[in-house]
Amino acid sequence: MNETPNLYFSGEDFTTFLMFAKSMSNSKGSKTALLHVEDGKLVCKSTDSNRSNYIEYIVDLYNDDNIIDEPIAISINDLTALIKCANSNRFAIRKNMNQYEFNIIGGGWLPFKVVEVNLNSYNFAGEVSEIGSVSSVKFRNAISSVLSYTQDYSYARDKYIQFSKDQMTVTSRRSGVVSAGEFADVTLHRDDAAMLKTLLKSEFNLLIESVVSNGEQRVLFTGPKFKYAIMASEVDSVDIKYRTDLNNYVKINCEDLYKICVFSEEYSSSKHILDLSIKDGLFRVSVKNVLAAKHVSTLRTKRVGSIQDTAHNTEVSSSVLLKTLKMFKEKHTDEVNIYITDNCSLECGYIVIFDESTQAIIDVCTR
């Protein structure tokens, strides 16, 4: 196998890179991967058509002699097809009589086309300044917990996840979710956050930097095996702070309230509004409907602190509450805490639903 110039490399690493580049290709227009050897590693790069997104991935290289030393640019679609019939979980490319070939099932060598590219477009450089360093696992888990929350939006800022040094925030119209944690000052579009999450498979320090080149600012995420760059996002800051003064609240089963919200959304006679209240220290939910009969459900309630009965019902959109509870269910939260008082029934007030690290501020208005 070493009689001709070749590359013999990790199929697992390369497949991870290729699937990421292909996903980026589907949304951003990238169609080509550039492969070359640096410091005994196979470095794989891909960028979109306007260089707003860039991925560089390090793949373990198993041979150290007769290495193909020139860069190879290959169609991502061709590579995707080739690896489906690779000869083993260690991939091989050779250069035979000026023709590049990929080792496939049965030991055969299948020729493929190379693409002419501007190598300078794959050189990612500029004025670099550090933003911060975060735990990859904590960052991934934080992103995962709110991705579904960002899928439905009214305002542009609802599509973004905003991090500061001590909290993460997302919004949905006048409502929002805030989670406490150790992060860095960076804002991510939900699509970029979803892409980044796929790279955070193990525990490591994720370095976040700002890179300014030709008047454009990008955010660069660097891990042990990758560099991922996106255009910096500008969005209105969110005035939501994680509260530490929530002492008097009720604790209820998340699944029970979730099912009532689902019913309110699907029931043909529903007004898609829930009345929430506390009576005799118990949490009560009413599904408002167009029929004469009034519904009331009293949920199993645990009281924390000094709980006062409410004199008024608080009206909440069942769709907004459902969206919030879905987020907690995806975090595998069995019980949620609800902070609700008579002040919540005032126009443009709020209730707070929370667990040990995440608080959802739900806008409520008198109807």
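Which strands does helix α2 lie across, and at about what angle does α2 run to β5? The views below take that up along with a few other spots in this predicted model.

**View 1. Helix α2 on the eight-stranded sheet.** Here's the answer to the opening question: α2 (residues 76-83) lies across β2 (32-38), β3 (41-47) and β5, and runs at about 80° to β5. The sheet underneath is an open one of eight strands, in the order β5-β2-β3-β4-β16-β15-β14-β9, with antiparallel pairing. Its edges are β5 (72-75) and β9 (127-135); each has a single partner strand, so one side of each has no neighbour in the sheet. Going across, neighbouring strands are turned by 20° against each other on average, direction ignored.

**View 2. Helix α3 on the β9 edge, and the β15-β16 pair.** Helix α3 lies across β9, β14 (205-213) and β15, and its direction is about 80° to β9. Follow β15 (residues 216-222) to its neighbour β16 (residues 226-231) and you find the two running antiparallel, joined by five bridges. To find your place in that pair, look for L220, which stands opposite A229 in β16.

**View 3. Where α3 meets α4.** Two packed helices are described by the angle between their axes and the distance between the axes. For α3 (residues 136-146) and α4 (residues 190-197), the axes come within 10 Å and cross at roughly 135°. That angle makes α3 oblique to α4. The crossing itself is left-handed. On the α3 side the contact residues are F139, R140, I143 and S144, and they meet A193, L196 and K197 in α4.

**View 4. The four-stranded sheet.** This one is also open, with strand order β1-β6-β7-β8 and antiparallel pairing. β1 (6-10) and β8 (109-111) are the edge strands, each pairing on one side only. From one strand to the next, the twist averages 25°. Zoom in on the middle and β6 (residues 90-96) pairs with β7 (residues 99-103) over four bridges, again in the antiparallel sense. A handy landmark there is R94, standing opposite E101 in β7.

**View 5. Strand β18 and its two partners.** How many of the ten residues of β18 are buried? Seven are, so β18 (residues 270-279) is largely enclosed by the rest of the structure. One of its partners is β19 (residues 282-289), paired antiparallel over seven bridges. K279 stands opposite L282 in β19. The hairpin of β18 and β19 has two residues between the strands, and D280 takes a positive phi near 55° there. Another partner is β22 (residues 314-317), which pairs with β18 in the antiparallel sense over four bridges. In that pairing, L276 stands opposite T314 in β22.

**View 6. A lysine tucked into helix α6.** Is K323 buried or exposed? K323 is found in α6 (residues 318-330), and its relative accessibility is 16%, which is why K323 counts as buried, the cut-off being under 20%. Its side chain makes a polar contact of 3.0 Å with the side chain of S172. Leaving out residues up to four places away in sequence, K323 touches Y149, D152 and S172.

Terms used:
Residues are numbered from 1 along each chain as its sequence is written. This is a predicted model: local features need pLDDT of at least 70, side-chain atom pairs count only at pLDDT 80 or more; totals for chains, interfaces and linings use all residues. Side-chain values use heavy atoms; hydrogens and water are left out. Two strands pair if DSSP finds at least two bridges between them. Axes are lines fitted to C-alpha atoms, for helices over the stretch in contact, and angles run from 0 to 180 degrees between N-to-C directions. Buried means under 20% relative accessible area, exposed over 50%, partly exposed in between (1.4 Å probe, protein chains only). A polar contact is a pair of N or O atoms within 3.5 Å; within protein, one must be able to donate a hydrogen and the other to accept it, and residues adjacent in sequence count only if both atoms are side-chain atoms. Contact means heavy atoms within 4.5 Å. Angles under 35 degrees count as roughly parallel, over 145 as roughly antiparallel, 65 to 115 as roughly perpendicular and the rest as oblique. A crossing is left-handed if the near helix is turned anticlockwise from the far one by less than a right angle, and right-handed if clockwise.
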